[in-house]
Amino acid sequence: MNSPQKIRFFVLSDPRTGSSLLGSLLASHPDICWGSHELKAAYWDRQRSPFLRKISRIYPVPFLAYRARQTNQPVYGLKLMYHHLHSPRRIVPHLSWLGWRIISLERRDLFSRILSLFVSRQTGIWGHKKAQHATVGPLEIPVDAFLRQMETSHRAQQEHLRMLAGLPHLHLIYEDHLADAGQWQTTCRLAFKFLGLPEVLVHSDMEKTWRQPYSELVANYDELVMATQNSALAPFAPCQG
């Protein structure tokens with residue numbers, strides 16, 4: 001039999017789905033080295049190598065294998081965003097074939113995810129260990145751009161789910177597995193079992209980015225809701241009580 005190899009995995013998701021929270025929880029395990037955003041553009045910007053950055057998007061396998069070999073822990077994991085890859089439909093199945101394990105993370109509430117994406121773009125704040133106390137706003141989000149992003153993201157999400165249907169993976173949903181802190185231990189139990197690890201107590205000092213609800217941060221929140229309700233994306237519109 002072959003000697004045991006290091007377990008390698010990645011959390012595959014779109015932005016604003018709770019992947020940073022999940023990563024911080026999984027990092028509680030002493031056997032896991034969590035690499036977080038290995039393919040994030042900011043990392044490659046620091047390397048000042050446009051060529052390597054381009055190659056990492058087209059074929060990141062050698063770089064990820066190198067990063068995994070550098071760690072001392074028996075398990076190496078990272079956050080992999082679909083937009084970090086030039087061709088997810090080619091690279092994700094290839095990584096699976098090479099033995100990488102996939103934890104897929106989805107956020108069912110598309111409206112809130114895209115709203116969160118626009119707010120982060122405008123404020124430059126993507127996630128913090130402590131929620132922001134300062135009042136920000138009022139922010140104005142262009143309605144047409146918001147609907148286009150929702151439509152594009154919905155199509156991409158459906159394509160991603162079809163791709164993953166043929167691959168072994170653990171599928172997690174933000175609303176079911178991460179939104180409530182009371183579910184964190186159960187969620188990580190599933191993940192640790194999927195990775196072949198014993199369960200440990202998990203913790204995270206991550207908080208929701210804002211203490212204010214988005215309905216207060218975004219000046220034209222009601223307009224975005226109404227526009228969504230009057231579009232083909234109506235099933236994703238929040239209910240107005």
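Helices in this tour are DSSP runs of H or I with at least four residues, numbered from the N terminus, and the place of Gly23 is in one of them, helix H1. The model on the screen is a predicted one.

**The whole chain**

Begin with everything displayed, where the protein shows 11 helices and five strands. Of its 241 residues, 48% count as buried, and the protein exposes about 12,800 Å², of which carbon and sulfur atoms supply 53%. If you draw the contacts between residues at least 6 apart in sequence, 78% of them join residues at least 24 apart.

**Helix H1**

Select residues 19–26 next, which make up helix H1; six of these eight residues are buried, so the helix is largely enclosed by the rest of the structure. The buried residues of H1 are Ser19, Leu21, Leu22, Gly23, Leu25 and Leu26. To see what lies over them, add the strands S1 (7–13), S2 (32–34), S3 (75–81), S4 (101–106) and S5 (169–173), together with helix H9 (184–195), all of which are included in the cover of the buried residues of H1.

Within this helix, centre the view on Gly23, which counts as buried because its relative accessibility is 0%, below the cut-off of 20%. From Gly23, draw a distance to Gly35, 12 residues away along the chain, and the two C-alpha atoms will be found 8.9 Å apart.

**The loop before H1**

Step back to Arg16, whose place is in the loop between S1 and H1. With a relative accessible area of 15%, Arg16 is buried. Its backbone deserves a look as well, since Arg16 has a positive phi of about 65° although it is not a glycine. Most residues other than glycine have a negative phi.

**From Arg16 to Ser120**

Keep Arg16 on display and select Ser120, which has its place in helix H6. Is Ser120 buried or exposed? Ser120 is buried, with a relative accessible area of 0%. Leaving aside residues up to four places away in sequence, Ser120 touches Arg16, Ile125 and Trp126, which links this stop to the loop residue of the previous one.

**Helices H6 and H7**

Widen the selection to H6 (residues 110–123) and add H7 (residues 143–164), two helices that pack at an angle of about 125° with their axes 10 Å apart. H6 and H7 are therefore oblique to each other, and H6 passes H7 in a right-handed crossing. Now show side chains for the residues that make the contact: on H6 these are Leu110, Phe111, Arg113, Ile114, Leu115, Leu117, Phe118 and Arg121, while on H7 they are Ala145, Phe146, Gln149, Met150, Ser153 and His154. Coloured by character, the residues of the contact of H6 with H7 divide into nine nonpolar, three polar and two charged.

**Helix H9**

For the last stop, return to helix H9 (184–195), part of what covers the buried residues of H1, and select Thr186, which lies in H9. How does the accessibility of Thr186 count? At 35% relative accessibility, Thr186 counts as partly exposed, because that class lies between the cut-offs of 20% and 50%. Finish by drawing the distance from Thr186 to Val202, 16 residues apart along the chain, whose C-alpha atoms are separated by 9.8 Å.

Conventions. Residues are numbered from 1 along each chain as its sequence is written. This is a predicted model: local features need pLDDT of at least 70, side-chain atom pairs count only at pLDDT 80 or more; totals for chains, interfaces and linings use all residues. Side-chain values use heavy atoms; hydrogens and water are left out. Axes are lines fitted to C-alpha atoms, for helices over the stretch in contact, and angles run from 0 to 180 degrees between N-to-C directions. Angles under 35 degrees count as roughly parallel, over 145 as roughly antiparallel, 65 to 115 as roughly perpendicular and the rest as oblique. A crossing is left-handed if the near helix is turned anticlockwise from the far one by less than a right angle, and right-handed if clockwise. Contact means heavy atoms within 4.5 Å. Ala, Val, Leu, Ile, Met, Phe, Trp, Tyr, Cys and Pro count as nonpolar, Asp, Glu, Lys and Arg as charged, and the others, Gly among them, as polar. Buried means under 20% relative accessible area, exposed over 50%, partly exposed in between (1.4 Å probe, protein chains only). Accessible areas come from the Shrake-Rupley method with a 1.4 Å probe; for residues, only the protein chains shown count as cover.
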